Amino acid sequence: SLTLRWNSATESDVQASNTSPENQEKKSTPRTPPPILDLHPPTLQAIAQALFIRAQNAPGTPLRFVDDGSMEEWEVTLAAGKIAQGAAEEWAKQEQLNPMEDKDEEVLQVMAGRVVAVLTRLEDLEEELLNRCCNQGGAGGCIDLGVPEEELKAWQANEDNSTKRISDAAAAIDAVFLFDEPLRYNRARSLLAMFLHEIEGPGLRQNNVVIPCMDVDFLSQDEWSMLLGSKNKEEELTSSDGNTDAAIDNSAKEESGEPGDMAEEEPARPSLHPITIDAIEDALRLRAQNSTTSPLRLIDGRTEWFEVQYSIMKFADRFLEKYTKASSNSNEWTEEELQTIGGRIVGTVMRLDDLEWEWNHRIGTSSLAEADSPSMIPNNLWKTTLGLHAENVEQNCFRTVDVALLEEKDFARTRAERMLALFLLIIEAPGLEASGNKVPGGSSPDFIEDKVQLELMLPRPKKTD
């Protein structure tokens, strides 16, 4: 898998952001959303229904990747998108929501985005869930968390054979899920809770982003303790300022191999950034073509979000496949490094609209855009220095930006570098720091040499009342 295991926060936060000009100011400051419907019940119902569909092993809707040459990973993403779209449409009918209205469109996109995010991460989330149940000493299963005894026994019986372990556990859970609806719902609750708490939440809160129904409010206290650990730790994480400078420093230490780090005993690894920037640069130019057959953005009302997700993941897979085949050093990357590169390509390209808006907003409100400032950058240098089109063209005429990206390689390259740096600093690094995970080479954007720009890219501190 090159792109299935994403190391970042989520596509649902991309969907939740409204980038229309009349709503741009709302993104720059924290806001409390108006009272809205509870998104968790329909999201949980959709995930539970997907678990039932997976247990049936019905052709045409694959939700479990089988690495035997009979399928491709994008088929799982496509199936997840169809399920999410169907669930969102059904919920819209039940609640009489109008997708053409901003407030209804937002909740529908967040709900569908979370369904896709969980379903495309099922393998990783379920593996972590089973390991946590094992650590709890749950020899008889963890029914409240959606883990039956049969599955847990199969998981524990094959610790030395990962392939058999996964296949036996999958067969055990499918057999139970076919007939046990409450257990499917419990499993859905566990999976969504882990996703919200450990993948989506940290990155959003660190960057002070608010979207509907971010809290895990559907677990009992005992279930929370079994699945997510102490609530005191969670409160400490959400109440702290979460200075990402520490994460950047830690990444730099990992790269430099300071005393106490095992990296000093290993040969230096090549940086993951150049190949990732190459891919994002290519994606920017491909997106600028506004192809309806391989859309990398929502082009018109006929383009569905799952089509964009599919196109982006397929683009990342094809790029890495082409690169590894063409490169004389095709064996230099480890599987973990390839997964990290793929995850960054997908994560950044998924969020291009928001990252572009954020970078343009931060530059436009900084000294770099002030006419009387000594650090002001002339308009004719914005493209090659900042990766932006000057004079409000970014907000008012994206077609002009697209043409420039297609014709000016330096502009596309600079823009790709800034988009990746923003992704690393405001999305990936906070999420990794909160979860305690690491990625090869760390998350430091060491390819950005301008200290002023680097400072502007850092997560904004939370404002306190």
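Begin by selecting Asp215, which lies in the loop between helix 9 (181-206) and helix 10 (221-228). The model on display is a predicted one, and each stop below refers to that prediction.

**First stop: Asp215**

With Asp215 selected, display its surface. Asp215 has a relative accessible area of 49%, so it is partly exposed. Next, show the residues around it. When neighbours within four places in sequence are left aside, Asp215 is in contact with His40, Leu196 and Arg205. Of these, Leu196 may be picked for a distance: 19 residues separate Leu196 from Asp215 along the chain, and their C-alpha atoms are 7.2 Å apart.

**The whole chain**

Now zoom out and colour by secondary structure. The protein has 21 helices and zero strands. Of its 465 residues, 51% are buried. Among contacts with a separation of 6 or more, 72% join residues 24 or more positions apart.

**Second stop: helix 3 against helix 4**

Select helix 3 (residues 40-56) together with helix 4 (residues 74-95); their axes come within 10 Å and cross at roughly 135°. Helix 3 is therefore oblique to helix 4. The crossing of these two helices is right-handed. To see what forms the contact, show the side chains of Pro42, Ala46, Ala50 and Ile53 on helix 3, and those of Ile83, Ala87 and Trp91 on helix 4. Which classes of residue make up this contact of helix 3 with helix 4? Seven are nonpolar, with no polar and no charged residues.

**Third stop: helix 3 against helix 8**

Keep helix 3 selected and add helix 8 (residues 162-177). The axes of helix 3 and helix 8 lie 8 Å apart, and the two helices pack at an angle of about 115°. This angle makes helix 3 roughly perpendicular to helix 8. The crossing of helix 3 and helix 8 is left-handed, whereas that of helix 3 and helix 4 is right-handed. On helix 3, the residues to display are Leu51, Phe52, Arg54 and Ala55; on helix 8, they are Ile173, Asp174 and Phe177. By class, the contact of helix 3 with helix 8 contains five nonpolar, no polar and two charged residues.

**Fourth stop: Asp174**

From that contact, centre the view on Asp174, a residue of helix 8. Is Asp174 buried or exposed? Its relative accessible area is 7%, so Asp174 is buried. Not counting residues up to four places away in sequence, Asp174 touches Arg54, Ala55, Asn57 and Arg64. Two of these, Arg54 and Ala55, also belong to the helix 3 side of the contact with helix 8. Then select Glu151 as well: Glu151 and Asp174 are 23 residues apart along the chain, and their C-alpha atoms are separated by 9.1 Å.

**Last stop: an aromatic pair**

The structure holds one aromatic pair. To view it, select Phe315 and Phe319, whose rings are 6.2 Å apart from centre to centre, with 35° between the planes; the pair is tilted. Where do these two residues sit relative to each other in helix 14 (residues 305-326)? They are four residues apart in that helix, so about one helical turn separates Phe315 from Phe319. A surface view completes this stop: both Phe315 and Phe319 are buried.

Technical notes. Residues numbered from 1 in each chain as written. Predicted model: local features only at pLDDT ≥ 70, side-chain atom pairs only at ≥ 80, totals over all residues. Heavy atoms only, no water. Axes fitted to C-alpha atoms, helices over the stretch in contact; angles between N-to-C directions. Parallel < 35°, antiparallel > 145°, perpendicular 65-115°, else oblique. Left-handed = near helix turned anticlockwise from the far one by under 90°. Contact = heavy atoms within 4.5 Å. Nonpolar A, V, L, I, M, F, W, Y, C, P; charged D, E, K, R; others polar. Phe/Tyr/Trp six-rings, centres within 6.5 Å; stacked < 30°, edge-to-face > 60°. Buried < 20%, exposed > 50% of the residue type's maximum accessible area, 1.4 Å probe, protein only.
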